[in-house]
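Here are some notes to read alongside the model, for anyone opening it for the first time. Keep the viewer open as you go.

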Amino acid sequence: MKENRKGLKLPLGVYDFLIFLIADTILYVFYKGAGELSVKGIFIQSVIAFITIFGARIICKIYRQIWRYGGIQCYIRLLVADVVAFFAYLLIERLLPIEHVVFAKMLAFCCMNTLGTLSIRMVYRYAYKCGSQDSPTGAFLRTLLKIFSGGTVKTEPDPDSQKIKIAILGAGSVGVGLAEDLLSNNKAQYVARCFIDSNPAKVGRDIHGIAVIGEDEASLDELKRHHIQEVVFAVPNMERSRKLELYDYYQKAGFRIKVFDFPAMDIPGRKRQLREFNIEDLLMRETKDTINDKTRAYYKDKVVLITGGGGSIGSELCRQLAKMEPKQLVIFDIYENCAYDLQQGLLFAYKGKIDIKVEIASITDKKALSRVFREYHPDICINAAAHKHVPLMEKNCLEAVKNNVFGTLNVIQCCEEFGCNRFMMVSTDKAVNPTNVMGATKRMCEMIMQAYSTKGTLKCSATRFGNVLGSAGSVIPLFERQIQAGGPVTVTDKRIIRYFMTIPEASQLVLTSGAMAENGELFVLDMGKPVKIYDLAQNMISLSGMHDIEIVETGLRPGEKLYEELLVDTDGLETTDNDMIFIERETAVTMNELKEKLQILKDACATDDDNTVREALRKVVPTFRKPEEVNCQVEVME
């Protein structure tokens with residue numbers, strides 16, 4: 001560095017002196033406007049200007065800077081030095097008994113001199129940075145560099161040559177923001193080579209020196225000319241159909257695809273980041289924030305207990321609730337690792353501003369539940385704890401009933417006993433005309449909720465929705481693991497359809513419906529159009545770029561039906577203020593009827609026999625049918 005600095009000091013000083021002479025000659029010799037100076041006057045003015053300008057630059061150590069790496073601070077220092085020099089020149093010139101020049105000419109001279117010195121440094125820095133390019137422009141820049149440096153400096157490899165070259169799809173505020181972030185960060189792994197945009201007002205222009213090309217012009221040849229390796233989507237409001245179309249186009253052309261968007265976890269102060277596309281970005285319907293001021297006010301300053309708080313839905317409920325400033329958030333879960341991770345994540349995100357407690361216990365332990373309710377006296381209890389894996393619950397029917405049915409009963413009884421005002425239950429579309437044990441137990445839980453809504457002061461409600469993307473045990477993570485392993489991807493039946501929703505959207509709607517509940521409502525969420533699981537598998541394979549992965553049918557699993565329903569009785573559907581939330585009205589079972597049903601299940605559980613418990617479930621849940629009965633009807637319809 002020392003050698004380079006010595007080598008650069010003299011050439012830059014010489015070029016600055018040449019620029020000084022040019023400005024001096026133009027303004028004081030050839031330009032005769034606003035008064036003339038004698039030869040002696042020109043000489044004196046030049047000497048004073050030279051001493052003040054170069055003296056100020058030496059004092060400010062302008063010639064000790066390495067301009068090839070110079071940032072904005074270097075240019076600001078040069079400007080400050082020349083401004084100081086101008087005022088020093090003005091003061092000395094006015095005090096000495098010499099021929100004077102008008103202020104305008106003096107200012108014009110100093111400005112021209114400063115502009116020249118700034119320009120030569122910018123050209124030098126550009127030549128140093130881009131002179132390594134293998135092109136006629138690069139050769140010209142290398143020649144300039146040798147001239148500027150006196151032949152003492154050699155070009156180094158382009159620092160951007162080792163970076164991943166990207167095209168930013170979208171030249172709006174989001175895309176430009178990404179480009180600015182990359183330009184300001186020398187350590188960034190990416191460099192933006194071009195924008196792709198459909199706005200005619202932007203196409204053909206440059207933003208921060210980066211060309212904007214139209215979508216029609218963004219041919220593969222054009223992108224290859226820019227050496228593009230990845231295409232980054234930076235258009236937040238793009239329609240999903242268009243996004244999928246563009247994704248397929250660029251992905252099939254061999255480009256890796258990324259998106260510049262917010263991280264999945266919704267926390268205060270989160271920023272957009274470059275991340276891989278996920279299935280929610282492409283395959284499902286548009287999601288929207290459904291939390292309004294009324295919902296926020298409902299949970300604000302309340303003590304909220306979430307059972308199963310460490311699970312997929314439970315943890316997202318906690319994240320959504322944390323934004324509503326509850327008085328206290330109690331995470332109740334039997335799995336300590338998930339609960340701990342959630343607690344630490346929320347404490348970090350909210351800097352300790354929210355009172356978050358974790359209690360490790362099972363909802364089947366009535367004594368432990370009572371202790372927690374006695375300690376915290378929650379205002380609201382959301383029951384998201386449940387065994388939910390359909391095939392596993394078919395094999396473990398006894399445990400499904402113990403946890404889902406009697407665990408829910410324990411929670412609702414504790415709500416009554418300890419003065420909780422509101423009980424909210426997370427239910428499922430599998431509870432509608434269930435064909436499996438898991439769905440039947442959740443339907444039984446709905447009946448418990450409705451029966452308890454007819455007595456006492458506890459207000460009860462349940463919210464029913466379909467599959468959530470990315471939840472533990474769902475088909476999406478399974479497909480992802482199978483694709484990463486090279487396949488095959490397994491589907492039980494090509495005809496299976498399911499309703500899907502993102503975890504944040506489902507959680508928001510659960511909280512919204514709970515806030516609007518009066519008592520006994522069974523809320524049903526608008527899940528949009530059902531998705532064919534086989535199509536989902538195909539799209540995920542396409543998303544991965546591994547098109548040679550095979551899809552294999554394995555046959556329906558025990559308890560599995562070809563389609564899911566959301567309503568028990570479509571004639572009883574009622575609308576709400578939220579166009580995504582509906583109410584299913586049905587007559588609640590009486591407490592006496594509920595006690596009889598629970599006794600049947602209790603007696604069956606006492607036998608420790610799964611088959612006995614399964615048959616008991618059929619007795620207490622009239623809509624519980626065998627899957628082959630339902631699937632046969634579908635086959636006949638087809």
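The points below go through a sheet, the helices lying on it, one covered helix and some salt bridges.

1. Before anything else: this is a predicted model. Please read every distance, angle and percentage below as something computed from that prediction.

2. A good place to start is the open sheet of 9 strands. Going across, the order is S10-S9-S8-S11-S12-S13-S18-S22-S21, and the pairing is mixed. The edge strands are S10 (356-360) and S21 (573-575), each of which has a pairing partner on one side only. On average, neighbouring strands here are turned by 25° against each other, ignoring direction.

3. Now go to the S10 edge. How do S9 and S10 pair, and over how many bridges? Strand S9 (residues 328-333) runs parallel to S10, with 5 bridges between the two. If you want a spot to zoom in on, find Phe332, which stands opposite Glu359 in S10. As background, strands of a sheet pair through backbone hydrogen bonds, in either a parallel or an antiparallel way.

4. Two helices are worth picking out against this sheet. Helix H12 (residues 336-349) lies across S9 and S10, and its direction makes an angle of about 175° with S10. Further along the strand order, H16 lies across S12 (422-428), S13 and S18 (521-525), at about 155° to S12.

5. Next, have a look at helix H18, which covers residues 503-516. Its 14 residues reach 20 Å from the first C-alpha to the last, close to the 20 Å expected at 1.5 Å a residue. Is H18 mostly covered or mostly open? Mostly covered: 12 of its 14 residues are buried. Among them are Ile503, Glu505, Gln508, Val510 and Ala515.

6. Stay in H18 for Leu511. Leu511 has a relative accessible area of 0%, so it counts as buried. What does Leu511 touch, leaving out residues up to four places away in sequence? The list is Ile291, Thr295, Tyr299, Leu317, Gln320, Leu321, Met324, Ile382 and Met424. Take Ile382 from that list: it sits 129 residues from Leu511 along the chain, yet their C-alpha atoms are separated by 9.0 Å.

7. On to charges: there are 20 salt bridges in the structure. One of special interest for tracing the fold is Arg464 with Glu446, where the closest N and O atoms are 2.6 Å apart. This pair links distant parts of the chain, with Arg464 in strand S13 (residues 459-465) and Glu446 in helix H16 (residues 437-452), 18 residues apart. Buried or exposed? Arg464 is buried at 0% relative accessible area, and Glu446 is likewise buried at 0%.

8. Compare that with Lys357 and Asp355, whose salt bridge has its closest N and O atoms 3.7 Å apart. Lys357 is partly exposed, at 32% relative accessible area, and Asp355 is partly exposed too, at 31%.

9. Finally, Asp493 and Arg495 meet through their side chains in a salt bridge of 3.0 Å, N to O. Here Asp493 is buried, with a relative accessible area of 11%, while Arg495 is partly exposed at 28%. There is also a network to trace: salt bridges that share partners join Arg443, Glu446, Arg464 and Glu586.

Terms used:
Residues numbered from 1 in each chain as written. Predicted model: local features only at pLDDT ≥ 70, side-chain atom pairs only at ≥ 80, totals over all residues. Heavy atoms only, no water. Salt bridge = Lys/Arg side-chain N within 4 Å of Asp/Glu carboxyl O. Buried < 20%, exposed > 50% of the residue type's maximum accessible area, 1.4 Å probe, protein only. Helix = DSSP H or I, 4+ residues; strand = E, 2+ residues; numbered from the N terminus. Expected span 1.5 Å × (residues − 1). Pairing = 2+ DSSP bridges. Axes fitted to C-alpha atoms, helices over the stretch in contact; angles between N-to-C directions. Contact = heavy atoms within 4.5 Å.
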